[in-house]
Amino acid sequence: MKNKAIAQFGSFGRPAGWLVLGTAGQLGREWCRQLEELGADFRGFTRHELDITSSVQLQKVMDELRPDIVVNCAAYTNVDQAELEAATAENINANAVRELAVLCADKKMRLIHYSTDYVFPGLLSHRTRFPDGYPESFPPDPVNEYGRSKWLGELGVQEAGGSHLIVRVSWLCGRQGNNFIRTMLRLADQMDHLRVVDDQFGCPTFTDSVVANSLVLIEEGVEGTFHLSSRGETSWFEFARTIFKLTGRPVTVDPIPTSEFQTRARRPAWSRLDIKRLSNVPGTRILPWRQNLEEFLKSLT
Ligand SMILES: NC(=O)c1ccc[n+]([C@@H]2O[C@H](COP(=O)([O-])OP(=O)(O)OC[C@H]3O[C@@H](n4cnc5c(N)ncnc54)[C@H](OP(=O)(O)O)[C@@H]3O)[C@@H](O)[C@H]2O)c1
């Protein structure tokens with residue numbers, strides 16, 4: 001049976017009801033997988049097929065396809081490299097997104113855009129103040145260039161004034177692409193001993209849940225910014241240990257402080273997102289992170 005959002009937006013006798021951008025990435029692939037499974041009328045583009053920094057290409061594709069919904073999964077996501085390429089990150093995550101949002105607003109297309117927990121300052125003191133996570137209303141104040149570029153992108157979407165959803169996710173994991181789980185499983189094939197930071201806290205988000213819950217938000221016709229992750233909280237150390245336990249990998253994990261794992265970009269120490277706003281939307285379904293992880297690991301085998 002077709003999902004209601006698909007039935008609502010997937011046809012109109014047009015070439016495409018849905019346009020998905022950045023389809024070679026973790027989230028873009030999952031969007032295509034679910035839209036295909038639901039029988040939606042959609043077109044997806046990788047960066048190679050459509051570079052979102054080219055307003056000419058964007059305009060052309062949008063004029064040709066006239067989608068009802070534009071899902072933007074394209075982003076510059078290399079957090080450390082963004083410190084060296086701040087202008088490139090800003091061009092993709094902010095300038096191109098602003099132009100895309102203006103085009104969507106002009107053409108009355110609904111824009112679904114993704115952002116990140118890294119827009120927040122991530123102070124450990126905020127963990128006590130907001131034990132369930134940062135609420136959507138908390139003022140962003142990113143600690144690195146990637147977070148800054150994503151926050152500017154959010155402002156671009158809001159200021160364009162069109163119909164939109166901004167979904168902020170944290171610690172994103174998909175079946176393909178780069179993510180913490182896949183890195184840990186790769187390292188487990190090469191090493192029997194790992195050191196992982198235990199003083200950065202947050203919560204993973206799984207791409208299948210992002211797409212399924214985004215579809216519900218679209219179907220419910222809600223607007224604005226929503227936080228989405230699994231339920232609960234963990235540290236990278238605990239997350240790593242759980243991955244190895246559930247997959248039966250004989251890897252010893254030692255906890256280390258962030259000060260012993262230097263990265264070019266600063267990381268927030270605490271970046272949990274409060275998911276109450278999204279959970280209150282009828283039809284959304286959010287599982288505890290361990291349960292999501294178990295299902296995710298089963299799907300890899
Ligand atoms: N990954 C995380 O942990 C995480 C956490 C929080 C939020 N997010 C957000 O969630 C969203 C999806 O992330 P993801 O993990 O799926 O990212 P991803 O796997 O890095 O995919 C992003 C895709 O965007 C493409 N892209 C980059 N520049 C582009 C351009 N100029 N035009 C068109 N496409 C372009 C990339 O192409 P190439 O393959 O050619 O590079 C890549 O395929 C992003 O908005 C990201 O900021 C991610």
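User: Is the crossing of H9 and H11 left-handed or right-handed?

Analyst: This is a predicted model, in which local features need pLDDT of at least 70 and side-chain atom pairs count only at pLDDT 80 or more, while totals for chains, interfaces and linings use all residues. Residues are numbered from 1 along each chain as its sequence is written. H11 spans residues 289-300, helices being DSSP runs of H or I with at least four residues and strands runs of E with at least two, both numbered from the N terminus. A crossing is left-handed if the near helix is turned anticlockwise from the far one by less than a right angle and right-handed if clockwise, and the crossing of H9 and H11 is right-handed.

User: How are H9 and H11 set relative to each other, and which word describes H9 with respect to H11?

Analyst: The axes, which are lines fitted to C-alpha atoms over the stretch in contact, with angles from 0 to 180 degrees between N-to-C directions, come within 11 Å and cross at roughly 45° for H9 and H11. Angles under 35 degrees count as roughly parallel, over 145 as roughly antiparallel, 65 to 115 as roughly perpendicular and the rest as oblique. H9 is therefore, with respect to H11, oblique.

User: Which residues in H11 are met by residues in H9?

Analyst: On the H9 side the participants are Thr242, Ile243, Leu246 and Thr247, where contact requires C-beta atoms, placed from the backbone, within 7 Å. By class the contact of H9 with H11 has four nonpolar, two polar and two charged residues, counting Ala, Val, Leu, Ile, Met, Phe, Trp, Tyr, Cys and Pro as nonpolar, Asp, Glu, Lys and Arg as charged, and the others, Gly among them, as polar. The residues met in H11 are Arg290, Leu293, Glu294 and Leu297.

User: How many nonpolar residues are in the contact of H7 with H9?

Analyst: Helix H7 (residues 180-190) and helix H9 (residues 236-247) have axes that come within 10 Å and cross at roughly 60°, which means that H7 is oblique to H9. The crossing of this pair is right-handed. Phe180, Ile181, Met184, Leu185 and Ala188 in H7 meet Phe239, Ala240, Ile243, Phe244 and Thr247 in H9. In this contact there are no charged residues and one polar residue, and the nonpolar residues number nine.

User: Are H4 and H6 roughly parallel or roughly antiparallel to each other?

Analyst: The axes of H4 and helix H6 (residues 145-160) come within 8 Å and cross at roughly 15°, and the crossing of H4 and H6 is right-handed. Among the residues that make the contact are Ala94, Val97 and Ala101 of H4 and Ser149, Leu152 and Gly156 of H6, and by class the contact has eleven nonpolar, four polar and four charged residues. H4 and H6 are therefore roughly parallel.

User: Which helix gives the most to the largest nonpolar core?

Analyst: A nonpolar core is a set of buried Ala, Val, Leu, Ile, Met, Phe, Trp, Tyr and Cys residues joined through C-beta atoms within 7 Å, and the largest one here has 75 residues, with Val20, Leu21 and Val71 having the most contacts inside it. The helix that gives the most to this core, with eight residues, is H4 (residues 86-106).

User: Which residues does Val20 contact beyond its neighbours in sequence?

Analyst: Val20 is one of the residues with the most contacts inside the largest nonpolar core. Leaving aside neighbours within four places in sequence, the contacts of Val20 are Gly28, Trp31, Cys32, Phe42, Gly44, Val71 and Cys73.

User: Is Trp171 buried or exposed?

Analyst: Trp171 sits in the loop between strand S5 (164-169) and strand S6 (172-173), and its phi is near 45°, a positive value in a residue other than glycine. A residue is buried if 20 or more other C-beta atoms, placed from the backbone, lie within 10 Å of its own, exposed if 12 or fewer, and partly exposed in between. Because Trp171 has 24 C-beta neighbours inside 10 Å, it counts as buried.

User: Is Lys108 buried or exposed?

Analyst: Lys108 lies in the loop between H4 and strand S4 (110-116), with phi near 55°, a positive value in a residue other than glycine. Because Lys108 has 10 other C-beta atoms within 10 Å, it is exposed.

User: Which residues does Arg231 touch, not counting those up to four places away in sequence?

Analyst: Arg231 is placed in the loop between strand S10 (224-228) and strand S11 (234-235), and is partly exposed, with 15 other C-beta atoms within 10 Å. The residues that Arg231 touches are Ile286, Leu287, Pro288 and Trp289.

Technical notes
Contact = placed C-beta atoms within 7 Å.
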